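This briefing reviews one structure by topic, with residue contacts and cores taken up at the outset. Please read it alongside the sequence and the coordinates.

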Amino acid sequence: MCSKKPLFYILAVFLSLTSMGVMAQFKVTGKVSGLDGEALEGVSVKIKGRQTGTHTDSKGAYELALSKAGSYILEFSSIGYTRIEETVSATSAQPVVTLEVVLTASSVNMDEVTVHGKTETQQLREQAFAVSAIDARKLANTTADLGQVLNRSTGIKIREQGGMGSDFEFSINGLSGKSIKFFLDGIPLEIMGSAMNLNNIPINLAERIEVYKGVAPVELGSDALGGAVNIVTNKSLSNYLDVSHSYGSFQTHQGAITGQWVKPSLGLVLKGSSFFNYSLNNYLMREVEVRDFENNEFVITNARRFHDRYRSWMGQAEIGLVNKKWADVLFLGFSYTTYDKQVQTGVRQSIVYGAVTRNGTGRNLSVRYKKDGLVNGHLDVNLYATYSRDEYALADTTLRKYYWDGQYIEGNPETGSYRITQVTRPRYFTRLNANYHLAENHDLNVNYTFDQVTNETYNSLVATEDDVPGRLSKHLVGLAYQQKFWDRLTNTFMGKFYGVATDKKQYDLSLARYVPMHSFKPYVGYGLASVYKIDKNSGIKASYEHTYRLQDVNEVFGDGYQVINNLELNPESSDNLNLGGFYGRQKGSHNVYAEASTFLRKAEGFIYANQYSNNQIKYENLSNVLIRGADAEVRYNDRSGFSAMLNVTYQNALDNTRFVNNSGSGTVSATYRKKVPNQPWMFGNLDLGWGRSNVWQKASRLQVNWSTSYTHWYYRSWEGFATTNSLEIIPKQLIHNLMLAYSLENGRYNLSLEAKNLTNQLAFDNFRLQRPGRALFVKFRYFLK
Amino acid sequence: MLKFCRTFVFVLTALSALSGCSKKEETSRVEPVASSFGIWTQLGSWPNTSYYIMGVSSLSEGSTKLEGNGIDVTTTLNNSVISRGGYYYYYNTTEGRLGKYQLKDGAVSTVKQVPFTYFSSLAGHTWIDENTLVMIGLAASGKAINYAIINTTTLAITNGTVTGLPEIPTGYSAYRVGGDIQYKDGKLYFSTIMVNTTTYALYKKLYTMAVSYPAFAVTQLSTDDRTAGLGNTSGYFATSFVDEQGDMYFLTSWNGVLSDGSYSAKSIYRIKKGSDVLDTSYYVDGSVALGKEPAAGLFMNLGNGKAIIKYQVATGYSNTKFGYSILNLSTGKELRKLTEIPDGLGSERNVYVDNGKAYIAVLSGEGTDYIWIYDSATDKVSKGLQIQGGYTSFSRLDKLQ
């Protein structure tokens, strides 16, 4: 009896194996190729709604087992190609189905104005996060930089100090400065060096710009207190070349080239991009002071800026393999950026510089890897690692006082300090992101970022190195769980861990030597983002995050001389809430999309330097702000080629610092709950466009765009305290731009003319610094795909 | 489509209308009244700090508040101004100008401005007569001390470099010049010390100079090893004076770190009338005399043989509260602390002295604030003008007319 048991088991196993073999007889096989007929390796082939899947081999072939007879929807996807779905039916009569698939490269037609269907940017806007998404491809013929484009979005205000390359302050829903982080394809922009700024990157380098307001997804692993801007570049896998150059007022040149060469059979990709900017920025300053040398007094006149030349150059190259079994993407990249600029003014335009310069270079070596579909199709991983080195120098080496007409008298260092300040910042950055598909409609995302930067600053006129460099290391771990219900409700729960380590040497008076100092502090943030889609085109959404802007090394440890340390310093923190809704409707040839949101920012402990009576300063958590506001945007387009966009933003930023110097007790501050001065609080934008194809010539397109920006007046100082005659306001501003573009051969050749500040309005910015008047530009662009 | 365009036009019109009804209509409409005194008041948290001159008719009585009553000087002046005869004189170092200003119709009115760049910053000033202002400051290099003689009517300037300075010792690279400058016996008296500009360590020796006027040549030098600090009688602070007997007193309260890591003493010195050198029989260690560390920047003559001095409630840089004490000038002994006055937050030149009385603007940080009045004749403290609280500092107290 006993001897029969093994036999029984063997038989049972055999039968079950046999039955499995019978089941495995149902399968689908075939080959995936590109439009040019070349086999595509590494294409993901999955049964829709299940985890069953495989990848194509080096010959583009695949074989996927089916559990039983029936109809299946197969999904074919690959980096750089448009995902497609195909239906197959396996029957007992035909258990093996053959399916040949041709994938087309993702669209790189940058001129196409999408009228129907949801664009990627619209899909983003319908996410749970409060996102402004801008399709940069539609703007490829403008001479605008990314900053100028973003400045036309809801909730965003960029305040530049001058023309091209000037310093600027970027705010999202009223929070600005270090509160806002910038990314290029999810990687901090500053890694590419201080030459890479929003206000000098030409629009042609971006495919899309995403602005996360107040609540940022865990993938952007950063301490973005007020929000994040992510510039997304072209990810298609086709060959293309985009070359453009513009020339305009103030001897301004902007050149950009971006291109890609792909060898699909090898999965080999070469990518490159570069830009060059140059401008004299010698625009007219109106009603400024110059010195009357004869009478030794000041007279008011108009004068051109004379020390504001700006140059920058960026080159970036990547070589990589795509769609391999072991990697969907593996790229090795290098970038180099450099800039040099003359500095024309201090914080006010009455502080005129004539010899101060700033220049810098950034180098960056990076590797990125991506693999989807691991662990039976459940796990997608994404890794990025880089080493970068950013160096810049600020030089103030004359003893002169300049005036607006370029004349000077002998005097003191222009910035108050005779120096060449050298700053070197070597940096290691690593990001690991893993997305685990728990079950249908349930995903888990883990993100770990390690970001370490050493800051070496010294005056090269008196020193050769920084004796006390500071090192800041950030460990950021994000965990997000996303669930979907009934294809209508999506919830994303987020938890973030912030670990900040600061290291610096400090001089110990009692020991008479430098001693290393170290500090590590952990913080926990959390958030939730939800969207409920009422129907296909409308929905409501809400998002909340408790978030931080971590303290910097010098804020914690000072410089050992004038800036004393504050080991008790806390990070800036904020509770950010967004409530919003969107509505889209397509009727006949008309397409309308509207979105509106309200927001709340309760930010606490802003870090500023506090001066003590012995003239030393210490960084402290000095002020709190409460911002409430709303913004709305309406977009319209139709088949006739007309498009329009109108948006309005209102934000009421109140000083929420209850006690003087945030001391925690005592007299209630006189400015408590008063509107924060020197900040725009209402602004809006109107864009009108009209385009027509086949004008004068086949495959051509004529496009006209008008845009208007309005900023309401605001107080320079606190409201309600000053006498009427001494109260300063920053006047309202209404700026119009006009662009005319003509394209030939389906956008291969493009010529555009653009007039900025058409009516030559006096445009201001921070502290009434004048910005350029009317400026004209012409741009030629060649686009080959 | 047409309807949609109409909506756009409507919204645009609404926006334009909004922009039209703006500007100053919404601001307070308090008519300016000529004031006798100005209380410099700072408001708000950094970086949104604004500076106002709050005009009041009396420091001794009544109540006031800033609302609608503050002349906004945030972008025009700062509290380093020199005040005399109803005018402010201000050296704006970042803009390279010297100006004469007046408060008129609730705003700062410019009388005259001239280009001026002779000092890296104003270290000190004194008056030769009603119409002649002398200012001193470091040259940009830090290796010389410059002067300017200013005709305050025309703003005509004579400038040059002080000659005969003591040499900078090895290991030190620049001078620091004190603002404790006074005009006495037809000469100017002020002090200098030396600093290593890399380590910021001070050379432990005070050099006090008698300097001829208007030639600006050092005629006599006296030194003291007990301090390496300086006073500061720029616009911001007041640490020196010539009393009714013609003796000069000054407080070296602006002290840094010495090369051995220690801080030097905060001391009071005297130069007797008719003498060009430090009075070797007179030396007051402020911390010993008061039992508290003197604060930077306030030591004023009250008359009646008394002086008022500001001290730190706690020793060291992290101190944020200040009190006031009365000294017997001739002995350097403390007469008493003004304990009737609550400890106040940091401020600069928040005391105005007139006719033997000290008017002290104290920002207590608790409830209502007052101008506290100390009468040196009666040794009594009384409450004067009541000021609504909640401001960040009272940095100056000036007589305007």
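Leaving aside residues up to four places away in sequence, Ile360(B) is in contact with Tyr324(B), Ile341(B), Asn350(B), Val351(B), Ile371(B), Trp372(B) and Tyr374(B). The model is a predicted one. Ile360(B) is also listed among the residues with the most contacts inside the largest nonpolar core, and the points below proceed from the cores to the overall form of chain A, the contact of the chains and two sheets.

**Nonpolar cores**

- The largest nonpolar core comprises 187 residues.
- Besides Ile360(B), the residues with the most contacts inside this core are Ile209(A), Tyr52(B), Met300(B), Ile308(B) and Val351(B); Val351(B) is also one of the residues that Ile360(B) touches.
- Strand β22 of chain B, residues 294-303, contributes the most to this core, with 6 residues.
- A second core, separate from the largest one, has 20 residues, including Tyr72(A), Ala90(A), Leu237(A) and Val329(A).

**Overall form of chain A**

- Chain A contains 5 helices and 47 strands.
- With a radius of gyration of 29 Å, close to the 28 Å that the globule rule gives for 785 residues, chain A is as compact as a globular protein of that length.
- Along the principal axes, the C-alpha atoms of chain A occupy a box of roughly 115 × 80 × 50 Å.
- Buried residues make up 43% of the 785 residues of chain A.
- When contacts in chain A between residues at least 6 apart in sequence are considered, 63% of them link residues at least 24 apart.

**Contact between chains A and B**

- Chain A supplies 66 residues to the contact, and chain B supplies 61 residues.
- On the side of chain A that touches chain B, two or more residues come from each of β21 (297-304), β26 (399-402), β27 (408-413), β36 (590-611), β37 (617-638), β38 (642-655) and β39 (682-693) of chain A.
- The element that gives the most to this side is β27(A), with 5 residues.
- By residue class, the side of chain A that touches chain B consists of 30 nonpolar, 27 polar and 9 charged residues.

**Four-stranded sheet of chain A**

- An open sheet of 4 strands in chain A follows the order β3-β2-β5-β6, with antiparallel pairing.
- Its edge strands are β3 (53-55) and β6 (84-90) of chain A, each of which pairs on one side only.
- Neighbouring strands in this sheet are turned by 25° against each other on average, direction ignored.
- β3(A) is joined to β2(A) by 3 antiparallel bridges, and Lys46(A) has Gly53(A) in β3(A) as its bridge partner.
- Strand β2 (residues 44-47) of chain A is connected to β5(A) through 4 bridges in the antiparallel sense, with Val45(A) opposite Phe76(A) in β5(A).
- Between β5 (residues 70-77) of chain A and β6(A), the antiparallel pairing extends over 7 bridges; Leu74(A) has Glu86(A) in β6(A) as its bridge partner.

**Three-stranded sheet of chain A**

- A further open sheet, of 3 strands, has the order β10-β11-β12 in chain A, and its pairing is antiparallel.
- β10 (156-160) and β12 (175-176) of chain A are the edge strands, each pairing on one side only.
- β11 (residues 168-172) of chain A pairs with β12(A) over 2 antiparallel bridges, and the bridge partner of Ile172(A) in β12(A) is Leu175(A).

Note on methods. Residues are numbered from 1 along each chain as its sequence is written. Chains are lettered from A and ligands numbered from 1 in the order in which they are written. This is a predicted model: local features need pLDDT of at least 70, side-chain atom pairs count only at pLDDT 80 or more; totals for chains, interfaces and linings use all residues. Two residues are in contact if their C-beta atoms, placed from the backbone, lie within 7 Å. Ala, Val, Leu, Ile, Met, Phe, Trp, Tyr, Cys and Pro count as nonpolar, Asp, Glu, Lys and Arg as charged, and the others, Gly among them, as polar. The radius of gyration is taken over C-alpha atoms; the globule rule is 2.2 Å times the number of residues to the power 0.38. A residue is buried if 20 or more other C-beta atoms lie within 10 Å of its own, exposed if 12 or fewer, and partly exposed in between; C-beta atoms are placed from the backbone. A nonpolar core is a set of buried Ala, Val, Leu, Ile, Met, Phe, Trp, Tyr and Cys residues joined through C-beta atoms within 7 Å. Two strands pair if DSSP finds at least two bridges between them. Axes are lines fitted to C-alpha atoms, for helices over the stretch in contact, and angles run from 0 to 180 degrees between N-to-C directions.
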